[in-house]
Amino acid sequence: MVYVFLADGFEEVEALTPIDVLRRAGVEVRTIGVTGKTVTGTHGVPMVADILPEETDLAAADMIFLPGGMPGTTNLYASDFVRDAVKQFTESGRYVTAICAAPSVILGGMGILNGKRATCYPGMESGMTGATAVDAPCVQDGKIITGRGAGAAFDFALTLCEVLCGKQTADEIAASVCYVR
């Protein structure tokens, strides 16, 4: 299972593309409304989350995903629940994934990227404390997967799909949506 953390101000494309791709692959994905059951994206698109933090069983998930967007990223970082989940997943060796501002603000802010290769929204690299910034749409370093931004959402989503379901499944989904890798 994958948990997707949503807070008011999340970037819609960055959140919904991985959710869609993973669900097409048959992965159970649950969205968590960190700022409430209805969460509004940075461009005014409301989304009803599947569950709230108090309904979450972190032990049941293999991966957590932190979409970017502003002020969504800072709203996620302000949550004790989100920071505790990131810490738990990092310490237990499970996948922690983030795109756009989230690698810098959240993972960098927590020191999670020390000694790792990572990417983030251009101009925010200085927030990725201890990381080697890589100029790429998506970067995987062990169980940490980071993406650049909305334009890299499909590359990022297909990488998540590949690590959870295999390259063949990721390639099949890419072909089914006419995405050229």
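This report describes helices, strands, cores, salt bridges, cysteines and unusual backbone sites in a predicted model.

## Helix α5 and its surroundings

Helix α5 runs over residues 153–165 and has 13 residues. At 1.5 Å a residue the helix should span 18 Å, and its end C-alpha atoms are 18 Å apart, so the expected and computed values agree. Just after α5, Gly166 takes a positive phi of about 100°.

The buried residues of α5 are Ala153, Phe156, Ala157, Leu158, Thr159, Leu160 and Cys161. They pack against two other helices, α1 (12–24) and α6 (167–176). They also pack against the strands β5 (63–66), β6 (95–99), β9 (138–141) and β10 (144–147).

## Strand β10 and its partners

β10 pairs with β6 in the parallel sense, over 4 bridges. Within this pairing, Thr146 of β10 is the bridge partner of Ala98. β10 also pairs with β9, here in the antiparallel sense and again over 4 bridges. Asp141 stands opposite Ile144 of β10.

The strands β9 and β10 form a hairpin with 2 residues between them. Gly142, in the turn, has a positive phi of about 65°. Along β10, Ile144 and Thr146 point one way, while Ile145 and Gly147 point the other way. All four of these residues are buried.

## Nonpolar cores

In soluble globular proteins, nonpolar side chains tend to be buried together. In this model the largest nonpolar core has 29 residues. The members that touch the most others are Tyr3, Phe5, Leu66, Leu76, Val86, Ile106 and Leu107. Two or more residues of this core come from each of β1 (2–6), β5, α3, β6 and α4 (102–108).

Leu76 shows how such contacts are spread along the chain: leaving aside residues up to four places away in sequence, Leu76 touches Phe5, Leu6, Ala7, Val34, Leu66, Pro67, Val82 and Ile106. Apart from the largest core lies another, of 27 residues. Its members include Ala15, Tyr95, Cys138 and Ala157. Of these, Ala157 is also one of the buried residues of α5.

## Salt bridges

The whole structure holds 6 salt bridges. One of them joins Asp80 and Arg83, at 2.3 Å from N to O. Both residues lie in helix α3 (residues 80–91), 3 residues apart, or about one turn of the helix. Arg83 is partly exposed, with a relative accessible area of 24%. Another salt bridge joins Lys167 and Asp171, at 2.9 Å from N to O. These two are 4 residues apart in helix α6, so about one helical turn separates them. An α-helix has 3.6 residues a turn, so residues three or four places apart point the same way. Lys167 is partly exposed at 48% relative accessible area, and Asp171 is partly exposed at 30%.

A further salt bridge is formed by Asp135 and Arg148, with the closest N and O atoms 2.4 Å apart. This pair links distant parts of the chain, 13 residues apart: Asp135 is in the loop between β8 (132–133) and β9, and Arg148 is in the loop between β10 and α5. Asp135 is exposed, at 69% relative accessibility, whereas Arg148 is partly exposed, at 22%.

## Cysteines

The structure holds 0 disulfides. The cysteine sulfur closest to that of Cys120 is in Cys100, and at 8.3 Å it is too far away for a bond. For Cys178 the closest cysteine sulfur is in Cys161, 16 Å away, which is also too far.

The surroundings of these residues vary. Cys120 is buried, with a relative accessible area of 2%, and Cys100 is buried at 9%. Cys178 is exposed, with a relative accessible area of 69%.

## Unusual backbone sites

Two of the cysteines have a positive phi without being glycine. Cys100, in the loop between β6 and α4, has a phi of about 70°. Cys178, in the segment after α6, has a phi near 60°.

A cis peptide bond joins Met70 and Pro71, with omega about 10°. Pro71 is found in the loop between β5 and α2 (72–77).

Conventions: Residues are numbered from 1 along each chain as its sequence is written. This is a predicted model: local features need pLDDT of at least 70, side-chain atom pairs count only at pLDDT 80 or more; totals for chains, interfaces and linings use all residues. Side-chain values use heavy atoms; hydrogens and water are left out. The expected span of a helix is 1.5 Å times one less than its number of residues. Buried means under 20% relative accessible area, exposed over 50%, partly exposed in between (1.4 Å probe, protein chains only). Contact means heavy atoms within 4.5 Å. A disulfide is a pair of cysteine sulfur atoms within 2.5 Å. A salt bridge is a side-chain nitrogen of Lys or Arg within 4 Å of a carboxyl oxygen of Asp or Glu. A nonpolar core is a set of buried Ala, Val, Leu, Ile, Met, Phe, Trp, Tyr and Cys residues joined through side-chain atoms within 4.5 Å. Two strands pair if DSSP finds at least two bridges between them.
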